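Me: I have a protein model open and would like to learn how to read it. Could you take me through it step by step?

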Amino acid sequence: QVQLKESGGGLVQPGGSLRLSCVFSGRTFSSYAMGWFRQAPGKEREFVASISWMDDNTLTAEAVKGRFTISRDNGKNTVYLHMDSLKPEDTGVYYCAADNTVGRWTTPHHRTMYAYWGQGTQVTVSS
């Protein structure tokens, strides 16, 4: 079974940085597109960033473009989300997701396209 485990969340001041990690296990990581989503209290889960399983093609949501960067290390079966210049509106539970039904250069940007999800890690941006 595919399992995803996020880590790296916590409390950070506005303007600060965090790096989230998601460790993948159970299948061949290199053939899975990976994504990050977040959900603030009272809001729907929204797309943050994704990366394809071939050629490291990436897609980043407009709200975080220029501040967040997604990357993957196939040798460590890990996907990362590096977050810079954090804002209070970035607060929420961040979820790692995986899917292997898309093409090798595809970067899924909707939650219905992902088959596997982690339990999430809390990110709080506050002074």
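Reply: Gladly; we will go from the whole fold down to two aspartates. Keep in mind that this is a predicted model.

Me: Which secondary structure elements does the protein have, helices or strands?

Reply: A good habit is to count the elements and then read their order. Here the protein has eleven strands and zero helices, so the pattern along the sequence is simply β-β-β-β-β-β-β-β-β-β-β. As for compactness, the radius of gyration is 13 Å, close to the 14 Å that the globule rule gives for 127 residues, so the protein is as compact as a globular protein of that length.

Me: What does the C-alpha trace span along its principal axes?

Reply: About 40 × 30 × 25 Å.

Me: How much of the contact count comes from residues 24 or more positions apart?

Reply: For this, look at how far apart in sequence the touching residues lie. Among contacts with a separation of 6 or more, 61% are between residues 24 or more positions apart.

Me: And what can I say about the inside and the surface?

Reply: Take burial, then surface, then charge. Of the 127 residues, 42% count as buried. The accessible surface comes to about 6,700 Å², and carbon and sulfur atoms hold 46% of that. The protein carries 13 positive and 11 negative charges, and their mean positions are 4 Å apart.

Me: Let us try single residues. Is aspartate 90 buried or exposed?

Reply: Compare its relative accessibility with the cut-off: buried means under 20%. Aspartate 90 has 0%, so this residue counts as buried. You will find aspartate 90 in the loop between strand E8 (78-83) and strand E9 (92-99).

Me: Which side chain forms a polar contact with the side chain of aspartate 90?

Reply: That of arginine 38, at 2.8 Å. Beyond its neighbours within four places in sequence, aspartate 90 also touches others, including Val64, Arg67, Phe68 and Val123.

Me: Now aspartate 56: where is that one?

Reply: Aspartate 56 is also in a loop, between strand E5 (46-51) and strand E6 (58-60). Partly exposed lies between the 20% and 50% cut-offs, and aspartate 56, at 44% relative accessibility, therefore counts as partly exposed.

Me: What does aspartate 56 contact, leaving aside its neighbours within four places in sequence?

Reply: Ile51 and Arg72. To compare sequence with space, try serine 71: aspartate 56 and serine 71 are 15 residues apart in sequence, while their C-alpha atoms are 7.5 Å apart.

How values were computed:
Residues are numbered from 1 along each chain as its sequence is written. This is a predicted model: local features need pLDDT of at least 70, side-chain atom pairs count only at pLDDT 80 or more; totals for chains, interfaces and linings use all residues. Side-chain values use heavy atoms; hydrogens and water are left out. Helices (H or I, at least four residues) and strands (E, at least two) are DSSP runs, numbered from the N terminus. The radius of gyration is taken over C-alpha atoms; the globule rule is 2.2 Å times the number of residues to the power 0.38. Buried means under 20% relative accessible area, exposed over 50%, partly exposed in between (1.4 Å probe, protein chains only). Contact means heavy atoms within 4.5 Å. Accessible areas come from the Shrake-Rupley method with a 1.4 Å probe; for residues, only the protein chains shown count as cover. Lys and Arg count as positive and Asp and Glu as negative; His and the chain ends are not counted. The place of a charge is taken as NZ of Lys, CZ of Arg, CG of Asp or CD of Glu. A polar contact is a pair of N or O atoms within 3.5 Å; within protein, one must be able to donate a hydrogen and the other to accept it, and residues adjacent in sequence count only if both atoms are side-chain atoms.
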